[in-house]
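Reader: I would like a close look at one part of this model, followed outward into its surroundings. Please take it step by step and keep to what the coordinates support.

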Amino acid sequence: MDSNSFQPSSLEEAASLIQKQLALFRDQKEKTNSKGADDSSNLLIICIDGRCASGKTSLASLLQSQIENSQVIHLDDFFLQPYQRTPKRYATPGRNVDSERIVEEILEPAMHGNPIVYRPFSCRSMSLQDPVSIGQPEVLILEGSYATNSDLDPYADLRILTTIDPDLQLERIEKRNGKEKLQDFKNRWIPLEEKYFQIVGPARFDLVLDLGHLK
């Protein structure tokens, strides 16, 4: 197992590992600022990327409960809009998410100290929903597959990868989404993810967490 890879015994242990990395990052940032670097922003961005059903959402929720003035952004709220769902886009690894809108509505306002207002996308109605305002959090937690794609990665301060055994992944998806939806994942969504993760290897991440064995 690589030095940045862990199989924590609980979700709490996984969150603790991230908290330690966050403390190291904050300490390094303070040292850099003390040397005169022009970076007075308190904003920190944690990107939790990983395979579907690997525990990203549960981990992000726990972190939000532990980190003061933090907000979770679910990439599920940024599924592609109908006009974006082109063969060319699906053929490009990591482009199966509306990262342009994440940058425009979430990341750029946050980086400039402005309140964040965004419109979640609903797959049921295939349309953008009413605006959601989350103010000006000090810590943003982006969670979802493709959270460190080429558009989003430049904004990340801490990069987390969650992973899972393929057989356990299918078991979880069937339990969560049902047998019919499982086929969609097997035939479409999982292959798209795996193509992406062949390019975005573990070395990109500060922590790689195998959460598949956790209940």
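Leaving aside its neighbours within four places in sequence, which residues is Glu138 in contact with?

Author: The model is a predicted one, and what follows should be read with that in mind. Once neighbours within four places in sequence are set aside, Glu138 is in contact with Asn42, Leu43, Leu44 and Asn69. Glu138 itself is placed in the loop between strand 7, residues 132-135, and strand 8, and with a relative accessible area of 37% it is partly exposed, because that value falls between the 20% limit for buried and the 50% limit for exposed. A further relation across the sequence is that to Ser70, which is 68 residues from Glu138 along the chain, while the two C-alpha atoms are 6.0 Å apart in space.

From this loop one can move on to strand 8, which covers residues 139-143 and is one of the elements that supply at least two residues each to the largest nonpolar core. That core has 31 residues, and those with the most contacts inside it are Ile45, Ile73, Ile102, Ile106, Leu107, Leu140 and Leu142. Besides strand 8, at least two residues each come from strand 2 (44-50), helix 4 (99-111), strand 4 (116-118) and helix 6 (179-199), and helix 4 gives the most, with five residues. Leu107 shows how such elements meet, since it touches Ile45, Ile102, Leu140, Leu142, Leu152 and Tyr155 when residues up to four places away in sequence are not counted. Apart from this core lies another, of 22 residues, among them Ala60, Leu62, Val139 and Leu158.

Beyond strand 8 the chain enters the loop between strand 8 and strand 9 (158-163), where Thr148 lies. Thr148 counts as buried, at 0% relative accessibility, and its side chain makes two polar contacts that can be described separately: one with the side chain of Asp49, at 2.8 Å, and one with the side chain of Tyr196, at 3.2 Å. Leaving aside neighbours within four places in sequence, the contacts of Thr148 are with Cys47, Asp49, Asp153, Arg159, Tyr196, Val200, Arg204 and Phe205.

Tyr146 is found in the loop between strand 8 and strand 9 as well, and at 4% relative accessibility it counts as buried. Its phi is near 80°, a positive value in a residue other than glycine; for context, most residues other than glycine have a negative phi. Tyr146 also belongs to an aromatic cluster with Tyr196 and Phe197, and over the ring of Phe197 sits the charged end of Arg51, 4.9 Å from the ring centre.

Arg51 in turn leads to Lys56, whose contacts, not counting residues up to four places away in sequence, are Ile48, Asp49, Gly50, Arg51, Glu143, Gly144, Ser145 and Thr162. Lys56 lies in helix 2, residues 56-66, and it is buried, with a relative accessible area of 8%. The side chain of Lys56 reaches the backbone oxygen of Gly50 at 3.5 Å, and its C-alpha atom is separated by 9.6 Å from that of His74, 18 residues away along the chain.

Helix 6, already named as a contributor to the largest core, also takes part in a second aromatic arrangement. Tyr90 and Trp189 form a tilted aromatic pair, with 6.4 Å from centre to centre and 55° between the planes, and this pair links distant parts of the chain, Tyr90 being in helix 3 (residues 87-90) and Trp189 in helix 6, 99 residues apart. The two partners fall in separate accessibility classes: Tyr90 is buried, with a relative accessible area of 15%, whereas Trp189 is partly exposed, with 26%. The charged end of Arg188 sits over the ring of Tyr90, 4.8 Å from its centre.

Helix 5, finally, covers residues 166-177, has 12 residues, and reaches 16 Å from its first C-alpha to its last, close to the 16 Å expected at 1.5 Å a residue. At its start, a side-chain oxygen of Asp165 reaches to within 3.0 Å of the backbone nitrogen of Asp167, and just after helix 5, Gly178 takes a positive phi of about 95°.

Key: Residues are numbered from 1 along each chain as its sequence is written. This is a predicted model: local features need pLDDT of at least 70, side-chain atom pairs count only at pLDDT 80 or more; totals for chains, interfaces and linings use all residues. Side-chain values use heavy atoms; hydrogens and water are left out. A nonpolar core is a set of buried Ala, Val, Leu, Ile, Met, Phe, Trp, Tyr and Cys residues joined through side-chain atoms within 4.5 Å. Buried means under 20% relative accessible area, exposed over 50%, partly exposed in between (1.4 Å probe, protein chains only). Helices (H or I, at least four residues) and strands (E, at least two) are DSSP runs, numbered from the N terminus. Contact means heavy atoms within 4.5 Å. The expected span of a helix is 1.5 Å times one less than its number of residues. A polar contact is a pair of N or O atoms within 3.5 Å; within protein, one must be able to donate a hydrogen and the other to accept it, and residues adjacent in sequence count only if both atoms are side-chain atoms. Rings of Phe, Tyr and Trp (its six-membered ring) pair if their centres lie within 6.5 Å; planes under 30 degrees apart count as stacked, over 60 as edge-to-face and the rest as tilted. A charge sits over a ring if NZ of Lys or CZ of Arg is within 6 Å of the ring centre and within 35 degrees of the ring normal.
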